[in-house]
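Colleague: I'm new to this one. Could you walk me through how to read it?

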Amino acid sequence: MVEINLNRRQFLKLSGATAATLAIVELGFNEKEVHAKTKELKIAKATVTPTICAFCGVGCGILVHTKNDTVVYTEGDPDSPVNEGTLCSKGTTIRQVYTSEKRLTKPLYRAPGSKKWEEKSWDWMYETIAKRTKETRDRTFVEKENGMFVNKTEAIASLGGAALDNEETYLLAKMMRGLGVVYLEHQARI
Amino acid sequence: MTNHWSDLQNTDCALIMGGNPAENHPISFRWLTKAKEKGGKIVSVDPRFTRTSSKADVYASLRSGTDIAFMGGMINYALEKNMIHKEYVAEYTNASYLVKEDYEFNDGLFSGYDKAARKYDKTKWAFETDEEGNPVKDKTLSHPRSVFQLLKKHYSRYDVDSVIAVTGTPKEDYLKVCEEFCSTGKPGKSGTIMYAMGTTQHTVGTQNVRAFGIIQLLLGNMGLPGGGINAMRGESNVQGSTDFGLLYHLLTGYVGTPTAIPEHATLDGYNKKETPAGGYWSNKPKFLVSLLKAWYGPNATKDNEFGYHFLPKGNKNYSHINLFNAMYKGELEGAFLFGTNPVVGGPNAGKEKEALSNLKWMVAVDLWETETSAFWQEEAGSDPSKIDTEVFLLPAASSYEKEGSVSNSSRWMQYRWKAIDPKGESLADLEIIHMMVKHLKALYKNESSPAAKQFNAVDWNYGGGDHPDIDLVAREINGYDLTTGQLLKTFGDLKDDGTTSSGNWIYCGFYPEEGMNRSKNRDNKDTGGGNFLNWAYAWPANRRILYNRASADPSGKPWSKDKAVIWWDGIQQKWVGNDIPDFKPTVAPADPGGTAPFIMINGGLGGLFAPTLNDGPFPEHYEPFESPVKNAFSSQEINPAIAIIEGEFNLKGDSKKYPIVGTTYRVSEHWQSGSMTRNQEWLSELAGHMYIEMSEELAKEKGIKNKDQIIVSSARGEIKAYAMVTKRFKPHMMKGKMVHQVGMPWHFGYKGYATGDTANRLTPHIGDANTTIPEYKAFLCDIRRAD
């Protein structure tokens with residue numbers, strides 16, 4: 001465990017965590033000894049970053065070890081009072097969410113009637129999506145119903161978001177309500 | 001959760017029903033194990049003998065869809081055996097309220113039922129009030145129209161023999177469960193109820209949870225350490241995404257969405273109709289106006305009702321099932337999907353896939369190519385040349401390739417720091433959303449149509465770059481005093497005059513001053529009771545145990561030393577203890593309202609009788625939409641208040657053709673629709689095949705052996721899978737009739753490393769009467785050998 005502490009300490013310094021936290025982390029280990037022990041390990045000199053598991057709602061702490069632009073190791077965060085270093089099968093293998101060859105790495109477009117994906121640039125995607133959204137929205141927009149403002153479109157839906165961060169869900173809700181979307185749903189319902 | 005994960009160690013008895021934490025929330029179980037080490041008991045109630053059951057002290061089986069019968073019997077047991085916490089019930093619940101004479105219950109129907117509309121007139125269930133509008137009480141609880149007496153009468157019908165004839169539970173097991181859990185009614189004891197989708201995914205899902213609420217109030221378990229009602233949430237931030245209003249009926253912080261009814265035409269009208277006279281929700285106008293200020297910024301002024309008219313106002317139920325029904329009928333043109341896969345996870349998934357081809361365009365933001373974004377492919381059984389949907393698939397970054405906070409089941413808002421840059425060209429959803437808004441803003445900039453006006457009013461300032469400044473988003477969520485520009489320290493400071501902003505009032509205070517985003521707190525010292533007040537931030541106000549005023553008696557002393565959370569300190573004249581009081585800290589027990597712990601509710605008392613739900617003030621047993629038996633409790637077969645979509649979108653199976661009860665569940669190695677796990681090598685290898693679990697008795701009857709290929713059919717479709725013949729399912733005997741049940745994981749689809757048929761091709765498009773959550777957990781099917 002000691003090598004983890006060393007790396008976590010480095011992280012906490014970088015992230016500007018409070019002195020109080022540092023003091024707790026620093027208790028009880030010899031830095032030189034740790035260096036000697038970790039020299040040959042894959043995770044030696046890896047950067048360690050705390051995260052929270054992406055799967056269920058328990059919210060276990062995980063430490064992500066990164067080196068040379070890849071994720072070399074993940075493990076339970078011993079400091080987390082939720083899981084105290086333990087993880088289940090999914091949390092344990094979370095490294096493969098990054099390393100899996102199945103990950104999408106480019107924006108893909110499928111044209112009407114087409115059998116295949118085409119690679120496109122982000123700019124093209126954003127511009128085309130904005131055009132489609134505006135076209136549908138403008139054509140289906142209802143400003144008033146029975147004399148009252150209703151400012152909505154019932155032709156666009158938004159689904160999903162339970163895996164997003166809070167800040168992302170906030171912006172998504174703001175965007176969709178801002179566009180007048182009423183078909184706004186996510187996994188809490190299903 | 002009213003309580004939190006590490007608090008589970010404080011329980012004397014955990015009743016786990018409609019959930020399987022040992023497999024689906026595995027790390028939560030270590031806290032239950034700790035409780036066991038201290039002498040606590042675990043009770044598992046489930047149609048299947050799960051890994052949770054294998055660790056339980058008591059296990060009882062029940063047929064899927066009979067939870068209210070099961071819990072109704074327990075309510076009756078507690079009342080008859082006098083195992084309730086009487087003082088708690090008399091002081092902290094609405095047991096003493098009198099209900100008006102209009103209230104009636106006959107043969108499965110409450111008063112006020114409109115058969116044609118399948119709706120109740122809830123005014124028929126009102127409380128009797130005095131001239132000032134306060135509820136009339138009988139503290140002796142003996143008045144025949146007191147809530148207590150009505151409750152007793154209602155559940156007297158749920159005697160043990162009637163209950164087990166419906167649930168199929170062996171009598172001995174049923175009595176053991178009741179005895180064990182009701183023993184937590186003694187002061188000094190606490191019991192928790194833990195549930196998940198096995199409880200909510202029913203046409204009576206909300207009332208299932210209500211039944212938990214009633215028993216927990218009767219036993220005095222709310223507000224106590226090791227007590228409460230604890231929903232185990234299945235996704236890392238489904239708590240947060242709900243808090244932030246990604247549902248048609250909610251804005252942020254559980255403020256209801258305004259609708260196209262005349263009363264909601266103006267902000268004043270909305271406030272009048274939706275703001276209760278008492279309880280903390282009486283502050284609702286402050287939450288709403290502060291939200292409007294966060295969303296519309298300088299475009300929200302007193303003169304334009306703070307932009308209230310910009311909020312979209314719908315006139316129907318837009319929930320998941322209805323959304324797909326509208327899509328199926330061709331009423332929707334475009335859809336945005338953020339990390340969601342309804343072709344595997346939606347009910348009646350075959351129909352949901354068909355519906356997608358009616359879209360003109362779809363934007364899917366995901367880490368993977370899912371069964372949903374690929375619905376048009378030949379591999380999906382589609383003819384691409386006949387599908388005109390344009391699909392934009394945008395690669396998203398994973399959770400540790402970006403930074404931000406998530407809220408777990410315990411309501412703990414914890415920060416995830418960025419470990420590595422997004423893979424390939426993938427981007428954080430935060431940036432994708434931001435850039436879509438920026439492009440749309442550019443298109444609308446010079447327009448003044450009503451549509452443009454609404455969108456141009458949205459205040460969107462998160463820095464100049466393509467990647468928004470997340471710190472600015474976090475601060476906006478917390479909110480500001482707009483007169484000074486300072487961050488707000490508490491939602492208690494919110495105002496309804498436009499001088500404060502807050503993107504989500506329940507989170508207001510998590511970022512109280514410069515440099516202090518409390519979701520980043522990492523001090524893991526136990527501050528007492530296992531509450532870890534300096535680790536992360538729990539909404540609201542960093543409270544860890546909700547309703548904790550109820551952990552003390554009316555005079556302010558803890559009911560017992562072992563279960564103390566907060567107590568009244570007469571010298572300091574305030575509430576003190578191991579947690580942030582979920583109560584006004586300076587209101588003394590002798591002050592008005594000083595003994596009313598449920599602060600959100602008008603009157604502050606726990607609702608044994610709840611005249612607010614769509615399907616009745618007390619939970620009543622009805623059979624699932626598809627059931628193998630007649631309802632033994634009344635002549636109402638199914639929940640009389642559910643909305644039924646007729647026709648091809650929701651075909652209903654007959655028990656003669658489909659005599660077997662089917663249910664779905666998850667396994668440890670996969671997650672939800674499987675896209676996050678079936679695209680990983682190790683997990684795919686660990687759990688690589690779709691299977692149907694069945695009893696030895698059923699297998700014998702059908703000539704099926706373990707590992708045989710079998711076909712499961714329902715009125716909606718057929719799927720193929722391996723047979724898993726186990727002792728974990730047992731047929732239920734119901735009044736001499738044998739009813740079989742099978743279960744299956746719902747993780748599989750045709751993409752990824754581990755593939756298999758999709759269980760949700762079998763499930764129906766029918767929802768709960770209050771939430772419209774689909775009834776995945778009890779449907780009818782049949783099985784046969786594939787060869």
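Colleague: Let me start with a pairing: in which sense do strand 14 of chain B and strand 18 of chain B pair, and over how many bridges?

Modeller: As a general idea, strands of a sheet pair through backbone hydrogen bonds, either parallel or antiparallel. Two strands count as paired if DSSP finds at least two bridges between them, and strands are DSSP runs (E, at least two residues), just as helices are (H or I, at least four), numbered from the N terminus. Here strand 14 (residues 412–416) of chain B pairs with strand 18 of chain B in the antiparallel sense, over two bridges. In strand 18 of chain B, Ala538(B) is the residue opposite Trp412(B).

Colleague: Before we go on, what kind of model is this, and how is the numbering done?

Modeller: It's a predicted model, where local features need pLDDT of at least 70, side-chain atom pairs count only at pLDDT 80 or more, and totals for chains, interfaces and linings use all residues. Residues are numbered from 1 along each chain as its sequence is written, while chains are lettered from A and ligands numbered from 1 in the order in which they are written.

Colleague: And what is the average pLDDT of chain A?

Modeller: pLDDT is the predictor's confidence in each residue, from 0 to 100. Chain A averages 86, with 79% of its residues scoring at least 70. Residues 1–29 of chain A stay under 50, and the model has 40 contacts for them beyond four places in sequence. A contact means that the C-beta atoms of two residues, placed from the backbone, lie within 7 Å. Where pLDDT is low, the predicted coordinates should not be read in detail.

Colleague: Back to the sheet, then. Which strands stand at its edges?

Modeller: The sheet is open, with three strands in the order 13-14-18 (chain B) and antiparallel pairing. Strand 13 (404–407) and strand 18 (537–538) of chain B are the edges; each has a single partner strand, so one side of each has no neighbour in the sheet. Helix 7 of chain A packs on this sheet, touching strand 13 and strand 14 of chain B, and its direction makes about 90° with that of strand 13 of chain B.

Colleague: How do you get an angle like that, and at what angle do helix 7 of chain A and helix 17 of chain B cross?

Modeller: Axes are lines fitted to C-alpha atoms, for helices over the stretch in contact, and angles run from 0 to 180 degrees between N-to-C directions. Helix 7 of chain A and helix 17 (residues 429–444) of chain B cross at roughly 20°, and their axes come within 9 Å. That makes the two helices roughly parallel (angles under 35 degrees count as roughly parallel, over 145 as roughly antiparallel, 65 to 115 as roughly perpendicular and the rest as oblique). Among the residues making the contact are Leu171(A) and Met175(A) from helix 7 of chain A, and Ile433(B) and Val437(B) from helix 17 of chain B. By class, this contact has six nonpolar, one polar and three charged residues. For those classes, Ala, Val, Leu, Ile, Met, Phe, Trp, Tyr, Cys and Pro count as nonpolar, Asp, Glu, Lys and Arg as charged, and the others, Gly among them, as polar.

Colleague: How many residues does each chain put into the contact between chain A and chain B?

Modeller: Chain A gives 104 residues and chain B gives 135. On the side of chain A that touches chain B, the largest share, 13 residues, comes from helix 7 (residues 166–179) of chain A. That side divides into 53 nonpolar, 28 polar and 23 charged residues. Strands cross between the chains too: strand 7 (residues 148–160) of chain A pairs with strand 10 (residues 334–338) of chain B in the parallel sense, over five bridges. Gly160(A) stands opposite Phe338(B) there.

Colleague: Which strands of chain B form a hairpin with two residues between them?

Modeller: Strand 23 and strand 24 of chain B do. Strand 23 (residues 709–714) of chain B pairs with strand 24 of chain B in the antiparallel sense over six bridges, and Val712(B) has Ile719(B) as its bridge partner. Strand 24 (residues 717–726) of chain B also runs parallel to strand 22 (residues 691–695) of chain B, joined by five bridges.
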